[in-house]
Amino acid sequence: MDAITVTNVAKSYGTVRAVESLDLTIPVGQSLALLGPNGAGKSTTVSMLLGLARPDAGAIEVFGDAPSTAVARGRVGAMLQDGALVEGLTVKEVVGFVRGLYPEPLPLDEILATADLTDLAKRRADKLSGGQRQRVRFALAIAGAPKLLVLDEPTAAMDVESRRTFWASMRAYAAGGRTILFATHYLEEADENADRIVVMASGRIVADGSAAEIKSRAGSRTVRFTLGDQSAAGLDRLTGVTGVEIRGTTAILTSTDADATTAGLYQSGLTVQNLEVRGADLEEAFLDLTTDRG
Amino acid sequence: MLTYTRLEIVRLFRDRRFTFFTLAVPVGFYLLWASVFKGDGPEPKSGLPLATYLMVSMASFGAIGASLSATGQRFAAERASGWLRQLQTTPLRPWAVVAGRTVASMFLALPAILLVSLIAFAAEGVRVNALHWALMVLLMWVASLPFAALGILIGSLVGPEAAQPVTLGCYFALSILGGLWIPVSKLPSTLRSIAGWTPSNRFGNLGWTLVSGHAPSVTTALVLVAWTVGLAALAVPAYGRTLRAR
């Protein structure tokens with residue numbers, strides 16, 4: 001069974017087309033990252049999946065129901081970008097309240113432990129630091145033991161350490177066979193925490209696959225070495241090279257065939273030191289995919 | 001919905017300064033008016049002693065204030081902060097949010113009515129038939145519904161900065177038009193003709209007639225029910241619409 005099916009969905013706000021002809025099927029148990037720059041349509045997609053926005057055209061089903069029905073049945077938990085906390089309540093009270101809205105919630109202690117909030121349980125939720133508040137919001141999202149967890153840029157306000165613990169908590173929750181969808185523009189987060197990455201740009205899906213597939217689809221690798229004071233002339237004529245960049249004493253070649261480029265490099269007569277061949281990181285892959293739309 | 005109502009009641013009463021002012025204002029005004037008009041004869045229309053008449057006026061004024069301030073600006077602020085949107089990703093449905101908030105605000109209206117009565121009894125020596133008084137408290141409590149619905153409507157339509165002045169404007173307009181500050185008979189004739197159609201005037205009327213031991217008129221009940229239904233019918237979709245707007 002599929003957790004989410006999106007069929008030919010479109011959504012505009014006034015004259016702005018936020019999402020166009022979107023098709024997406026997410027099987028139960030998958031962790032999917034929705035990756036894209038600001039304005040790509042990620043938040044609109046998330047809003048529609050949660051029943052907070054209605055598509056202008058097309059259909060969305062969440063566990064076979066309309067999104068709002070799935071939400072009403074307690075199958076969905078969400079962490080929204082602007083989901084602030086209510087004033088005047090302790091962490092334990094807010095989490096306990098949201099937990100009580102769901103038919104089969106997690107035990108309160110387990111929620112607090114998973115979100116690393118046990119020590120903060122008696123503190124006022126509106127008086128916590130940014131990172132701590134995000135943990136409370138994560139606790140609210142998982143409180144009802146939802147089968148689908150939707151997170152819209154969950155780590156936006158977090159420092160590096162909070163991010164690490166956050167993703168560890170998220171993976172622990174996902175391990176129970178739950179379906180996760182998170183929107184992010186942090187590329188390494190998508191790489192490290194998702195089984196599948198869907199890249200969005202200008203309201204459309206421009207790539208869909210595993211992190212490795214996304215990278216290979218973008219295709220290129222980089223070959224870098226210390227050029228020193230040797231001439232860079234001729235590097236652009238080596239087999240496979242599509243770009244040459246000189247940064248200080250280092251030459252960085254972008255290549256569609258790293259093996260041929262390296263072989264050619266050694267035959268060129270140059271003294272090659274500190275040679276390094278790398279797959280383009282996801283960031284580069286992502287830029288390729290989102291800027292090359294013609 | 002009940003869990004949400006309980007949560008909101010806890011939040012209302014935990015905000016001590018807010019609760020204090022909401023309850024202190026009608027009591028303060030009661031003591032002020034009662035001393036200003038001390039020695040005047042009974043209110044002509046209802047025949048009630050003035051201190052008793054004013055007790056009902058200020059209990060109405062306090063209950064309306066409590067209902068509006070527990071909803072209006074607070075609701076607008078929670079809408080702007082995203083908390084209400086977050087709530088809408090849980091099984092709690094929009095109608096339950098509106099209903100829960102309305103009922104919670106009634107729990108602030110009740111002490112406003114009780115406190116003014118208590119002060120009237122203790123400080124001004126107001127004595128009323130206990131059954132009549134109990135009926136007044138109970139029915140006025142229920143009849144504070146339209147004002148809570150109005151507060152939610154304001155909170156759904158207006159941003160958090162504008163919500164406070166708009167709420168206060170409605171509060172004063174309702175109080176004056178309803179004859180809670182100045183008897184309706186002293187109002188200019190145009191306002192006087194409107195007064196009978198306002199929920200605040202009918203709200204006060206309900207109290208005045210009950211305290212004098214009479215049954216409220218059918219018109220009073222109908223006007224109050226009509227305002228409740230009308231405002232609730234506007235508030236629920238207005239709230240639902242704000243959630244969908246990005």
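Biologist: Which strands of chain A does helix H9 (residues 258–267) lie across, and at what angle does the helix run to E10(A)?

Modeller: In this predicted model, helix H9 of chain A lies across strand E10 (221–226), E11, E12 and E13 of chain A, and runs at about 20° to E10(A). Angles under 35 degrees count as roughly parallel, so an angle of about 20° places H9(A) in the roughly parallel class with respect to E10(A).

Biologist: What is the order of the four strands in the open sheet of chain A, and in which sense do they pair?

Modeller: The order is E11-E12-E10-E13 in chain A, and the pairing is antiparallel. Strand E11 (241–247) and strand E13 (273–279) of chain A are called edge strands because each pairs on one side only. On average, neighbouring strands of this sheet are turned by 15° against each other, direction ignored.

Biologist: How do you know that E11(A) and strand E12 (residues 250–255) of chain A pair?

Modeller: Two strands pair if at least two bridges are found between them. Six bridges join E11(A) to E12(A), and the two run antiparallel; the criterion is therefore met. Individual positions illustrate the register: the bridge partner of A:Glu245 is A:Ile252 in E12(A), and A:Val244 stands opposite A:Leu253 in E12(A). E11(A) and E12(A) also form a hairpin with two residues between them, and A:Gly248 in the turn has a positive phi of about 65°.

Biologist: What makes E10(A) and E12(A) a pair?

Modeller: The criterion is again at least two bridges. E10(A) and E12(A) pair in the antiparallel sense over six bridges, so they qualify. Within this pairing, A:Thr222 stands opposite A:Thr254 in E12(A).

Biologist: Why is the sheet of six strands in chain A called mixed or antiparallel, whichever applies, and what is its order?

Modeller: The open sheet has the order E5-E6-E7-E3-E8-E9 in chain A, and its pairing is mixed. Strands of a sheet may pair either parallel or antiparallel. The edge strands are E5 and strand E9 (204–209) of chain A, each pairing on one side only. Neighbouring strands of this sheet, direction ignored, are turned by 15° against each other on average. A parallel pairing is found where four bridges join E5(A) to strand E6 (residues 148–152) of chain A. There, the bridge partner of A:Gly77 in E6(A) is A:Leu149.

Biologist: Which strands does helix H1 (residues 42–49) of chain A touch, and what angle does its direction make with that of E6(A)?

Modeller: H1(A) packs on the sheet and touches strand E3 (31–35), E6, strand E7 (179–184) and strand E8 (196–201) of chain A; its direction makes about 150° with that of E6(A). Angles over 145 degrees count as roughly antiparallel, so H1(A) is roughly antiparallel to E6(A). H5(A) also packs on the sheet, touching E5 and E6 of chain A, with its direction at about 165° to that of E5(A). This angle too is over 145 degrees, and H5(A) is therefore roughly antiparallel to E5(A).

Biologist: Why is helix H5 of chain A called roughly parallel to helix H6 of chain A?

Modeller: Helix H5 (residues 130–142) and helix H6 (residues 160–174) of chain A pack at an angle of about 10°, with their axes 11 Å apart. That angle is under 35 degrees, which makes H5(A) roughly parallel to H6(A). On the H5(A) side the contact is made by A:Gly131, A:Gln134, A:Phe138 and A:Ile142, and on the H6(A) side by A:Ser162, A:Phe166, A:Ser169 and A:Tyr173. By class, this contact has four nonpolar, four polar and no charged residues.

Biologist: How do you know that the length of helix H12 (residues 218–244) of chain B agrees with its number of residues?

Modeller: At 1.5 Å a residue, its 27 residues should span 39 Å; the end C-alpha atoms are 40 Å apart, which agrees. Among the residues of H12(B) that are buried are B:Trp227, B:Leu231 and B:Tyr239. Each is called buried because 20 or more other C-beta atoms lie within 10 Å of its own. What covers the buried residues of H12(B) includes helix H6 (94–123), helix H8 (145–157) and helix H11 (199–211) of chain B.

Biologist: How many residues of chain A are in contact with chain B, and which element of chain A gives the most?

Modeller: 27 residues of chain A are in contact with 20 residues of chain B. Helix H2 (67–72), strand E5 (76–79) and helix H3 (91–100) of chain A each give two or more residues to this side, and H3(A) gives the most, with three residues. The residues of this side of chain A divide into 18 nonpolar, six polar and three charged.

Conventions:
Residues are numbered from 1 along each chain as its sequence is written. Chains are lettered from A and ligands numbered from 1 in the order in which they are written. This is a predicted model: local features need pLDDT of at least 70, side-chain atom pairs count only at pLDDT 80 or more; totals for chains, interfaces and linings use all residues. Axes are lines fitted to C-alpha atoms, for helices over the stretch in contact, and angles run from 0 to 180 degrees between N-to-C directions. Angles under 35 degrees count as roughly parallel, over 145 as roughly antiparallel, 65 to 115 as roughly perpendicular and the rest as oblique. Two residues are in contact if their C-beta atoms, placed from the backbone, lie within 7 Å. Ala, Val, Leu, Ile, Met, Phe, Trp, Tyr, Cys and Pro count as nonpolar, Asp, Glu, Lys and Arg as charged, and the others, Gly among them, as polar. The expected span of a helix is 1.5 Å times one less than its number of residues. A residue is buried if 20 or more other C-beta atoms lie within 10 Å of its own, exposed if 12 or fewer, and partly exposed in between; C-beta atoms are placed from the backbone.
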